[in-house]
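Reader: I have a new model open and I'd like to practise reading it piece by piece. Can you walk me through it?

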Amino acid sequence: GDVRLWGGRFADGPAEALAKLSASVHFDWRLAPYDIAGSRAHARVLHKAQLLTADELTRMLDGLDRLERDVADGSFTGTIADEDVHTALERGLLERLGPDLGGKLRAGRSRNDQVATLFRMYLRDHARIVGGLLADLQEALIGLAEAHPDVAMPGRTHLQHAQPVLFAHHVLAHVQALSRDAERLRQWDERTAVSPYGSGALAGSSLGLDPEAVAADLGFERGSVGNSIDGTASRDFVAEFAFITAMVGVNLSRIAEEVIVWNTKEFSFVTLHDAFSTGSSIMPQKKNPDIAELARGKSGRLIGNLTGLLATLKALPLAYNRDLQEDKEPVFDSCDQLEVLLPAFTGMMATLTVNRERMEELAPAGFSLATDIAEWLVKQGVPFRVAHEVAGECVKECEAQGIELDQLTDEQFAKISPHLTPDVRGVLNVPGALASRDGRGGTAPSAVAVQLAEVRADLVRQ
Ligand code: ARG
């Protein structure tokens, strides 16, 4: 028989070219378990509305159970002739229950409200999966910070030496960004906990069905949608999910870029574990940071998924349009990519070795303590404008002589400014510079310890 759900008014079947274009079953099949859950909930409200007898409901639920098992073990699958997952599963149900009972489930629902609901369910599950993987990465980064509580490194702005910072402080900056992404996922989930089921094709149903009961049945904590047109036509929940996953990708790419640079011969700040690096087919000496590079590369793909989706949605009139079938592949891809990337990325970060000597050797280089001279002068009562000038003179003198700030003699300091007494040497060392920045959010070991406790507590709360 004709598997199409809409064959009635057509004299001819679809052209093969149309069937090929139209089919989504090869990518929306992953919604099958959600479709069956939706069908169970729908059968129950049909029964509540007296459109299915108790016996019919029992047999319907049994048929859905059998179909679910056959989908799970692969003995039932959709084909291109089925068009989409919803059509394929309807065929499966008809095959198991016969047309009289099987044909009753379609009453009062449309693929438009079905797909909008199932897609939310799928993405909510994957928001939790991605959130869990993100927590693993946060955990690894917090561990890395905890394992190196007192290692100094050159802090940079414009990629130039700026001021020394604690390595732990730098790593925790990434943790802060990732924990905002995790929070975004949780807030998105809360916003997405509303069910479109019952919206029908666009206008709702005349059959006295109970959308709130379906919503409760399917785990939508915030009930059913307030507007059936919005329920079937809105996809901002998809775009927002694509944004959050793209943002995760962008945040990973920023860590990745640093790992790639730190891992060069010139920096030699970190060494990657063999299990999380790759070799070259021609250059035997090579050990490459491929995980970091793939993270950097995949972030482009995640951004593309977001922008492609926004372009699809732009100027789309209400209500459902078939354009919306293009909404699934990009975000399915975003889930798939992050779900393979994050575990590898976490492994790389959890196992890398930190070259403490190298980081600490470079921490004071490039006159990164010049600000400390200026701030020391301010504490002696010198206006900052003058202090900045004087510290700049010190740098100029050092550059002329090819030396570092702490190598200036007492006489040279005094010649630059009478305010520069030998006591200034007290701040010309990295531990002193770090310890002095002890306000909230600063890089002093005491402040970083507070931050560590906060991010740990935040991770536990998730
Ligand atoms: N497969 C479609 C989608 O992904 C749902 C079916 C709606 N089709 C229709 N002709 N109303 O959006």
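Reader: Which domains does the domain assignment give for the protein chain?

Author: Keep in mind that this is a predicted model. The assignment splits the chain into domain 1 (7–107), domain 2 (112–361) and domain 3 (365–461).

Reader: How far apart do the C-alpha centres of domain 1 and domain 2 lie?

Author: They lie 33 Å apart. For the interface itself, look at contacts: 18 residues of domain 1 are in contact with 20 residues of domain 2.

Reader: Which elements give two or more residues to the side of domain 1 that touches domain 2?

Author: Those are helix H2 (25–28) and helix H3 (32–48). H3 supplies the largest share of that side, 9 residues. Sorted by class, the side of domain 1 that touches domain 2 has 9 nonpolar, 4 polar and 5 charged residues. As a general note, the size of an interface is often given as the accessible area lost when the parts come together.

Reader: On to the ligand. Which residues surround the ligand?

Author: Read a shell as a list of residues, then ask where they come from. Here the list is Ser24, Asp28, Asp84, Arg111, Asn112, Val115, Tyr320, Arg322, Leu324 and Gln325. Helix H6 (residues 111–147) gives the most to this shell, with 3 residues. By class, you get 3 nonpolar, 3 polar and 4 charged residues.

Reader: Why does the ligand lie between domain 1 and domain 2?

Author: Because domain 1 (7–107) and domain 2 (112–361) both give residues to the shell around the ligand.

Reader: How many residues does the largest nonpolar core have, and which have the most contacts inside it?

Author: It has 107 residues, and those with the most contacts inside it are Leu141, Phe345 and Ile373. H6 turns up again, giving the most to this core with 16 residues. To see how one core residue sits, skip its neighbours within four places in sequence: Phe345 is then in contact with Leu137, Leu252, Ile291 and Ala295.

Reader: Ile373 was on that list too. Which residues of helix H14 (residues 370–379) are buried?

Author: Ile373 is one of them; the others are Ala370, Asp372, Ala374, Trp376 and Leu377. The buried residues of H14 pack against helix H15 (384–401) and helix H17 (430–436). After H14 comes Gly381, with a positive phi near 95 degrees.

Reader: What does the UniProt annotation say about residues 367–434?

Author: The unreviewed entry labels them "domain: Argininosuccinate lyase C-terminal". In the model, the chain over residues 367–434 is 59% helix and 0% strand, with its end C-alpha atoms 15 Å apart.

How values were computed: Residues numbered from 1 in each chain as written. Predicted model: local features only at pLDDT ≥ 70, side-chain atom pairs only at ≥ 80, totals over all residues. Near = placed C-beta within 6 Å. Helix = DSSP H or I, 4+ residues; strand = E, 2+ residues; numbered from the N terminus. Nonpolar A, V, L, I, M, F, W, Y, C, P; charged D, E, K, R; others polar. Domains from an automatic or database assignment. Core = buried A, V, L, I, M, F, W, Y, C linked by C-beta atoms within 7 Å. Buried ≥ 20, exposed ≤ 12 C-beta atoms within 10 Å, placed from the backbone. Contact = placed C-beta atoms within 7 Å. UniProt positions renumbered as here; feature names shortened; annotations may be inferred.
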